[in-house]
Amino acid sequence: MIGRYELGELLEQYGIDAKKVINNNTNVLNYGEYNEIKMVLDYLMNELHMLPKNIEKCPSVLYFKVDAIKENYQFLINHKVNISDIETCLHVLSTESLELKKTYDYILENYGIKYLNSITSILKVSVDRIKEIEKFNLSKDVTLSASISRISLEEIEKIIKVCRENNIEITGNVFLKPAEEIEKIIKVCRENNIEITGSIFFKSAEEIEKIIKVCHENNIEITGSVFLKPAEEIEKIIKVCHENNIE
């Protein structure tokens, strides 16, 4: 265990925002030890030159044994897994080494190296979970996207059922929301004659309604790209464009 103040001082030495770390995973306070965290940081930042922002997004790596992290990293390097992908999903390094190797072998044999390099986060997932999701007969991309999501198998099954009942293409993005929210999104889109594309599921039904309202009030054509921004940001964009006579 490590105190909040002590952790903050340590992380500050490496240019890491302690608030972001704790907000992303409070377990670092319960399971982290000062000396072990320091050794992990020395290895990740001084030897591997990892960026602080990537560590902030994956605090679990801080309370994993440094020797295990080194073993995992060397395994991935030896097997030519893309280094840049490892940097952006450090939780892979905080996976039990035996489980990581099992998943690597399974994905390589059944999916191929392309999927290991494009969805490197899959190495954090157990083979058992992947096999359970394969039973839903999804495409390879979608199977792996569902596998790396944090939702339960029961919820994944509900999401698939909702999509199939509504003739919605099942993409990785549908697993960003629970089945109940997806039903609401579908309802809002159909009531407003909006094409349901993968990007629509980045937003909640409530957010989509706000965006629709802003677009209608400003006579803006509603396309899939408008759902990449919150309603407040869209209003600001419209204001800037109007002020500068931009279409």
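# Salt bridges, patches and loops

User: How far apart are the closest N and O atoms in the salt bridge between Lys161 and Glu165?
Analyst: Bear in mind that this is a predicted model, where local features need pLDDT of at least 70, side-chain atom pairs count only at pLDDT 80 or more, and totals for chains, interfaces and linings use all residues. Residues are numbered from 1 along each chain as its sequence is written, and side-chain values use heavy atoms, leaving out hydrogens and water. A salt bridge here puts a side-chain nitrogen of Lys or Arg within 4 Å of a carboxyl oxygen of Asp or Glu. For Lys161 and Glu165, the closest N and O atoms sit at 2.6 Å.

User: Which helix holds both Lys161 and Glu165?
Analyst: Helices (H or I, at least four residues) and strands (E, at least two) are DSSP runs, numbered from the N terminus. Lys161 and Glu165 are 4 residues apart, about one turn of the helix. Their shared element covers residues 153-165 and is helix H12.

User: Is Glu165 buried or exposed?
Analyst: Buried means under 20% relative accessible area, exposed over 50%, and partly exposed in between (1.4 Å probe, protein chains only). The areas are Shrake-Rupley values with a 1.4 Å probe, and for residues only the protein chains shown count as cover. Glu165 has a relative accessible area of 52%, so it is exposed.

User: Which residue pairs with Glu217 in a salt bridge?
Analyst: Glu217 lies in helix H14, and its partner sits in that helix too, 4 residues apart, about one turn of the helix. The closest N and O atoms are 2.7 Å apart, and the partner is Lys213.

User: How far apart in sequence are the parts tied together by the salt bridge of Lys20 and Glu56?
Analyst: Those two side chains meet at 4.0 Å, N to O. Lys20 is in helix H2 (residues 18-24) and Glu56 in helix H5 (residues 52-57), so the bridge ties together parts of the chain separated by 36 residues.

User: In that pair, which residue is buried?
Analyst: Start with Lys20: at 44% relative accessibility, it counts as partly exposed. The other side has a relative accessible area of 10%, so the buried residue is Glu56.

User: How many salt bridges does the structure hold?
Analyst: As a reminder, side chains of opposite charge can pair when their charged atoms come close. The three pairs above are Lys161 with Glu165, Glu217 with Lys213, and Lys20 with Glu56. The count for the structure is 10.

User: Which helix gives the largest share of the negative patch?
Analyst: Patch members have over 30% relative accessible area and no salt bridge, with like charges joined within 9 Å and nonpolar side chains (Val, Leu, Ile, Met, Phe, Trp, Tyr) within 5 Å. Glu206, Glu207, Glu209, Glu232 and Glu235 gather into this patch on the surface. The elements giving two or more residues are H14 and H15. With 3 residues, the largest share comes from H14.

User: How much accessible area do Leu176, Phe202 and Leu228 have together?
Analyst: Leu228 sits in the loop between helix H14 (205-217) and helix H15 (231-243), and counts as exposed at 52% relative accessibility. With Leu176 and Phe202, Leu228 makes a nonpolar surface patch of about 300 Å².

User: What is the phi of Asn137?
Analyst: Most residues other than glycine have a negative phi, and most peptide bonds are trans. Asn137 is in the loop between helix H10 (127-134) and helix H11 (140-148), and is exposed, with a relative accessible area of 66%. Though not a glycine, Asn137 has a positive phi of about 55°.

User: What is the relative accessibility of Asn167?
Analyst: Asn167 is not a glycine either, yet has a positive phi of about 55°. Asn167 lies in the loop between H12 and helix H13 (179-191). Asn167 counts as exposed, at 72%.

User: Which residues does His216 touch, not counting residues up to four places away in sequence?
Analyst: His216 is in helix H14 and is partly exposed, with a relative accessible area of 46%. With contact taken as heavy atoms within 4.5 Å, the residues His216 touches, leaving out those up to four places away in sequence, are Asn192 and Ile222.

User: How many helices does the protein chain have?
Analyst: Of the 247 residues, 46% are buried. Strands number 0, and the helix count is 15.

Key: Lys, Arg positive; Asp, Glu negative; His and termini not counted. Charge placed at Lys NZ, Arg CZ, Asp CG, Glu CD.
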